[in-house]
Amino acid sequence: MTRGDEMLGDLEVSRGYQQNAAYWERIVRQRLDKFQTEVTDVALLDLVGDPEGVRVLDAGCGEGYFTRELIARGAAHVHGVDTCAELIVAAREHPKSGDSRAEYHHADVADLPLPDASVDVVVANRLPHGIADPARRFVEFRRVLQPAGRLIVLSMHPCFYAARTDREGIGFASTIDDYFGVRTVQQRFHVAGLTSPAESFQQFYSLEEHIGMITAAGFAVTNLREPRPSAEQRQSDTFWATNFTRPLFMLLECAPMVAR
Ligand SMILES: C[S@@+](CC[C@H](N)C(=O)[O-])C[C@H]1O[C@@H](n2cnc3c(N)ncnc32)[C@H](O)[C@@H]1O
């Protein structure tokens, strides 16, 4: 279902994740989501590069798998931040979370409990847009990044992503006013035959608006990728023929602009 005309609060987004916390933890920890394990993680890790000695913010860290992955690859310190208390508890209680280089915060990415210029890389991995003040988080990301740092944002594709039931044709199944306004995709997750107990809400902005929030916060976009299964993956696994019929993801790398 796609909605663009009803006001949703950040609270409603968080409540959805709270109700889906156990489901989400299972999907991620059992590596059931092929979009994540075979497409987006591969692209994200490639763009992050070698995190040896790097200080990272994992914005909207969920149950913490990406934080653990970066620590395992040698990151100096990773701050995981999430508004869902249940997922922060899950992250802290993971058997591999004893490493003091991983620190989890129950907080909003629009109000980060971190000092200025204290991280080298901010990663927002499948973090949904904010609702009340969607641009605010990018200002916070700019504040906590050191001047030579990088912001990496993996999101659903602003132009092509649509609710599963609306995924016909190439473009989004919506009007031009929806595209240049705000569209809300509201649906349950369906992964590997498992349906989430609650619906998730995601708000989408046009490409211009999406990039505009980032550049207005003081970033330059330095790289744009559209993660997708390779030709070999599509040939060897029929899953992709039915489940990847349009571009679903967008990956951005951004650099803080230095005042001239
Ligand atoms: C789709 S999940 C992705 C979690 C994790 N990055 C992953 O890829 O498994 C989105 C996460 O963002 C969190 N989130 C949503 N809005 C947030 C906000 N304003 N501040 C911090 N976390 C937020 C949710 O609680 C949820 O854990």
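Biologist: Which atom of the ligand has a polar side-chain atom of Arg 126 beside it, and how many Å away?
Modeller: An oxygen atom of the ligand, 3.0 Å from that polar side-chain atom of Arg 126. That's a polar contact (a pair of N or O atoms within 3.5 Å). Keep in mind that this is a predicted model, where local features need pLDDT of at least 70 and side-chain atom pairs pLDDT 80 or more, while totals for chains, interfaces and linings use all residues. Residues are numbered from 1 along each chain as its sequence is written, and side-chain values use heavy atoms, with hydrogens and water left out.

Biologist: What about Gly 60 and Val 109, which atoms of theirs lie by the ligand?
Modeller: Backbone ones. A backbone N or O atom of Gly 60 is 2.7 Å from a nitrogen atom of the ligand, and for Val 109 a backbone N or O atom is 3.0 Å from a ligand nitrogen.

Biologist: How much of the ligand does the protein bury?
Modeller: 97% of the 590 Å² that the ligand exposes when taken alone (Shrake-Rupley areas with a 1.4 Å probe).

Biologist: How many residues surround the ligand, and which are closest?
Modeller: There are 19 (a heavy atom within 4 Å), with Gly 60, Asp 82, Val 109, Asn 125 and Arg 126 the closest. The shell has 11 nonpolar, four polar and four charged residues; Asp, Glu, Lys and Arg count as charged, Gly as polar, and Tyr, Cys and Pro are among the nonpolar ones.

Biologist: Which pocket does the ligand sit in?
Modeller: The second largest one. "Sits" means more than half of its atoms lie within 2 Å of the pocket's grid points. A pocket is an open set of points on a 1 Å grid over the protein atoms alone, with protein on both sides within 12 Å along at least five of seven lines, and lining residues have an atom within 4 Å of a point.

Biologist: What's the volume of that second largest pocket, and which residues lie closest to its centre?
Modeller: About 530 Å³. Of its 33 lining residues, Gly 60, Asp 82, Thr 83, Leu 127 and Pro 128 are closest to the centre. The lining divides into 17 nonpolar, seven polar and nine charged residues. Helix 1 (10-19) gives the most, four residues.

Biologist: Switching over: what lines the largest pocket?
Modeller: 30 residues, with Asp 33, Phe 35, Tyr 161, His 190 and Val 191 nearest its centre. The volume is about 620 Å³. Strand 7 (183-191) supplies the largest share of the lining, five residues. By type, the largest pocket's lining has 15 nonpolar, nine polar and six charged residues.

Biologist: And how many cavities of 30 Å³ or more are there?
Modeller: One in the whole structure; a cavity is where a 1.4 Å probe fits but cannot get out. The largest cavity holds about 170 Å³ of space. It's lined by 17 residues, and Leu 127, Pro 128, His 129, Ser 155 and His 210 come closest to its centre. That lining has 10 nonpolar, five polar and two charged residues.

Conventions:
A polar contact is a pair of N or O atoms within 3.5 Å; within protein, one must be able to donate a hydrogen and the other to accept it, and residues adjacent in sequence count only if both atoms are side-chain atoms. Grid points are joined across faces, edges and corners, and a volume is the space filled by probe spheres set on the points. Helices (H or I, at least four residues) and strands (E, at least two) are DSSP runs, numbered from the N terminus.
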